[in-house]
Amino acid sequence: MQNNRPDQKLGVLLVNLGTPDTPDQGSIRRYLKEFLSDPRVVEVPRLIWWVVLNLVILRFRPRKLVPDYQKIWQGEQSPLRKITKGQVSKLQTALDSNLGQGKIVVKPAMTYGNPSFETAFADMKAEGVEKVLVLPLYPQYSATTTAASYDAMSRTLAKIRNIPEIRFIKRYHRHDKYIHALAESVKAHWAKLGRQAKLFISFHGIPEEYVAKGDPYAADCLETTELLVNYLGLNSDEWLHCYQSRVGTKEWLKPYTDDSMKSLGKENQAGLDVICPGFSADCLETLEEIDGENREYFEQNGGSDYHYISALNDGDLHIDLLADLVKSNIDGWL
């Protein structure tokens, strides 16, 4: 039997990967160092990786990324941080409307950078929250993302004497409202700009060896794609499933987005709609890598009519999905 005080507040943490604080070398370097130092992200012997990261990557990569971040920066904050704030605000409004004002506190947290888990839990404590639902905004589970956020949360909780009760959502890659939101975003795009010949579905990649070791990410991505194309009623020649953002010399999940873009361009593909279902908010990987770099690969090789479909961001159907995830995971807490 639950023993909840009538005045007890619940907390919801919306978690995403993170972002530099500003689009300059120093901030980007600090962010990359924290991100790429995580053994969940890069599974290389620590001494070897320390040398590569500190003597090679962090010396040259931040300077190269400055123009890319400057292109997408929105005022004084990155798109990811701005969108996350919108998601938090709209989800708070939705939960207040559905469950009663003042019962749930929604806060953002980033696995790397700011706002940190430490800040989020301190804010929760200040508002009297004793039970927290953690919702990583990664529909498809991977140790490189979801588990990394769990680790970051755990490191913060290890510093707290009186920890709150925690529930953690692992994945939602096949949730009906998630697939519905994706499909309706595609339909809305078609209604506004017209339907192109092929729907290109791009997920962030991970090394193949991670999957061989038991990471279910690839299976989650494929299931999302199958549910999405079935919802849209697409034939097999009307869509393509690929993986982006590979780095290093290891084999990553295939087919590769960049190679596929070049091949489609050489085939004189006319009409390409591109969506990235694994990203809950637009960021460098969608706005610059997909709508910039890969657009160029496609068009410079002969392709035409390239259209990027925005992430779900803080759209109404996405917020409805998040609210449903919260409500279905706080049973017995209210």
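**Close-up 1. Packing of helix α3 against helix α11 in the predicted model.** In this predicted model, the axes of α3 and α11 cross at roughly 55° and come within 9 Å of each other. That angle makes α3 oblique to α11, and the crossing in which α3 passes α11 is right-handed. On the α3 side the contact is made by Gln87, Lys90, Leu91, Ala94, Leu95, Asn98 and Leu99, which meet His318, Ile319, Leu322, Ala323, Val326 and Lys327 of α11. Sorted by class, the residues in the contact of α3 with α11 are eight nonpolar, three polar and two charged.

**Close-up 2. The salt bridge between Lys90 and Asp314.** Lys90, which also takes part in the contact of α3 with α11, forms a salt bridge with Asp314, and the closest N and O atoms of this pair are 3.7 Å apart. The pair links distant parts of the chain, since Lys90 belongs to helix α3 whereas Asp314 sits in the loop between β8 (304–308) and α11 (316–328), 224 residues apart. Lys90 is partly exposed, with a relative accessible area of 37%, and Asp314 likewise counts as partly exposed, at 25% relative accessibility.

**Close-up 3. The salt bridge between Arg81 and Asp21.** The side chains of Arg81 and Asp21 meet in a salt bridge with an N to O distance of 3.1 Å. Arg81 lies in helix α3 (residues 79–99) and Asp21 in the loop between β1 (9–19) and α1 (25–36), so this pair ties together parts of the chain that are 60 residues apart in sequence. Arg81 has a relative accessible area of 11% and is therefore buried, because the class of buried residues covers values under 20%. Its partner Asp21, with a relative accessible area of 32%, is partly exposed.

**Close-up 4. Packing of helix α4 against helix α5.** Helix α4 (residues 117–126) and helix α5 (residues 143–157) pack with their axes 9 Å apart and at an angle of about 55°. The two helices α4 and α5 are therefore oblique to each other, and their crossing is right-handed. From α4, the residues Phe117, Glu118 and Phe121 meet Ser149, Ala152, Met153, Thr156 and Leu157 in α5. By class, this contact of α4 with α5 has five nonpolar residues, two polar residues and one charged residue.

**Close-up 5. The salt bridge between Lys254 and Glu208, and a network of salt bridges.** The side chains of Lys254 and Glu208 meet in a salt bridge, at 3.2 Å from N to O. Lys254 lies in the loop between β6 (239–244) and α9 (257–266), and Glu208 in helix α7 (residues 208–212), so the pair ties together parts that are 46 residues apart in sequence. Lys254 counts as partly exposed at 40% relative accessibility, and Glu208 is also partly exposed, with a relative accessible area of 33%. Glu43, Glu209, Lys213 and Lys250 are joined into one network by salt bridges that share partners. For the model as a whole, the count comes to 22 salt bridges, among them the pair of Lys254 and Glu208 shown here.

Conventions:
Residues numbered from 1 in each chain as written. Predicted model: local features only at pLDDT ≥ 70, side-chain atom pairs only at ≥ 80, totals over all residues. Heavy atoms only, no water. Axes fitted to C-alpha atoms, helices over the stretch in contact; angles between N-to-C directions. Helix = DSSP H or I, 4+ residues; strand = E, 2+ residues; numbered from the N terminus. Parallel < 35°, antiparallel > 145°, perpendicular 65-115°, else oblique. Left-handed = near helix turned anticlockwise from the far one by under 90°. Contact = heavy atoms within 4.5 Å. Nonpolar A, V, L, I, M, F, W, Y, C, P; charged D, E, K, R; others polar. Salt bridge = Lys/Arg side-chain N within 4 Å of Asp/Glu carboxyl O. Buried < 20%, exposed > 50% of the residue type's maximum accessible area, 1.4 Å probe, protein only.
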